[in-house]
Amino acid sequence: MSNTIDTVKQFDQHRVSGYSVGFDISADEGLIASGSTDGTVHIYDTRRNRQVRQFSVSKENSPITAVAWHPAGASTIATGDWSGRIFVHS
């Protein structure tokens, strides 16, 4: 038995730079949202294996440490940043 896990897909346009950034997978498993240390959120399409959107969360560029999709659909995301603020994006 192997101790390794096969990497099926990799998404790496976001930055980590010493912080733990948050991510979440949409309910339909078609999208992944990832925080980044530059204060942006990156949306990846898991079926096409590419980034489909990137947006800034705040003017302070605080690292995005938490990300969660709304459980009823992929149109709303909540994010939290290093300073403790929570944002809701539609």
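**A nonpolar core and two antiparallel sheets**

In this predicted model, the largest nonpolar core has ten residues in all: Ala 33, Val 41, Ile 43, Phe 55, Val 57, Ile 64, Val 67, Trp 69, Ile 77 and Phe 87. Two elements, E3 and E5, give two or more residues to this core. Strand E5 provides the largest share, with three residues. As a general point, nonpolar side chains in soluble globular proteins tend to be buried together.

Val 41 offers a helpful view of the surroundings of one core member. Leaving aside neighbours within four places in sequence, Val 41 is in contact with Ala 33, Phe 55, Val 57 and Ile 64, which are also listed in the core. The contacts of Val 41 further include Ser 34, Arg 53, Gln 54 and Thr 79.

We can turn next to the sheets. One is an open sheet of four strands, ordered E1-E2-E3-E4 and paired in antiparallel fashion. Its edges are formed by E1 and by strand E4 (50–56), each of which pairs on one side only. On average, and with direction ignored, neighbouring strands of this sheet are turned by 15 degrees against each other. Within it, E2 and strand E3 (residues 40–45) run antiparallel and are joined by five bridges. Ala 33 has Ile 43 in E3 as its bridge partner, and both residues belong to the core described above.

The other open sheet has three strands in the order E5-E6-E7, again with antiparallel pairing. Strand E5 (64–69) and strand E7 (86–89) each have a single partner strand, so one side of each is left without a neighbour in the sheet. The twist here averages 20 degrees from one strand to the next. Five bridges connect E5 to strand E6 (residues 77–81), and the two run antiparallel. Val 67, a member of the core, stands opposite Thr 79 in E6. Thr 79 is also one of the residues in contact with Val 41.

Finally, a polar residue deserves a closer look. Ser 26 lies in the loop between strand E1 (23–25) and strand E2 (31–35). Ser 26 is buried, because its relative accessible area is 3%, whereas the cut-off for burial is under 20%. Its side chain makes a polar contact with the side chain of Asp 28 at 2.7 Å, and a polar atom of the Ser 26 side chain lies 3.3 Å from the backbone nitrogen of Gly 30. Not counting residues up to four places away in sequence, Ser 26 touches Leu 31, Trp 69 and Ala 74; of these, Trp 69 is a core residue.

Conventions
Residues are numbered from 1 along each chain as its sequence is written. This is a predicted model: local features need pLDDT of at least 70, side-chain atom pairs count only at pLDDT 80 or more; totals for chains, interfaces and linings use all residues. Side-chain values use heavy atoms; hydrogens and water are left out. Two strands pair if DSSP finds at least two bridges between them. Axes are lines fitted to C-alpha atoms, for helices over the stretch in contact, and angles run from 0 to 180 degrees between N-to-C directions. Buried means under 20% relative accessible area, exposed over 50%, partly exposed in between (1.4 Å probe, protein chains only). A polar contact is a pair of N or O atoms within 3.5 Å; within protein, one must be able to donate a hydrogen and the other to accept it, and residues adjacent in sequence count only if both atoms are side-chain atoms. Contact means heavy atoms within 4.5 Å. A nonpolar core is a set of buried Ala, Val, Leu, Ile, Met, Phe, Trp, Tyr and Cys residues joined through side-chain atoms within 4.5 Å.
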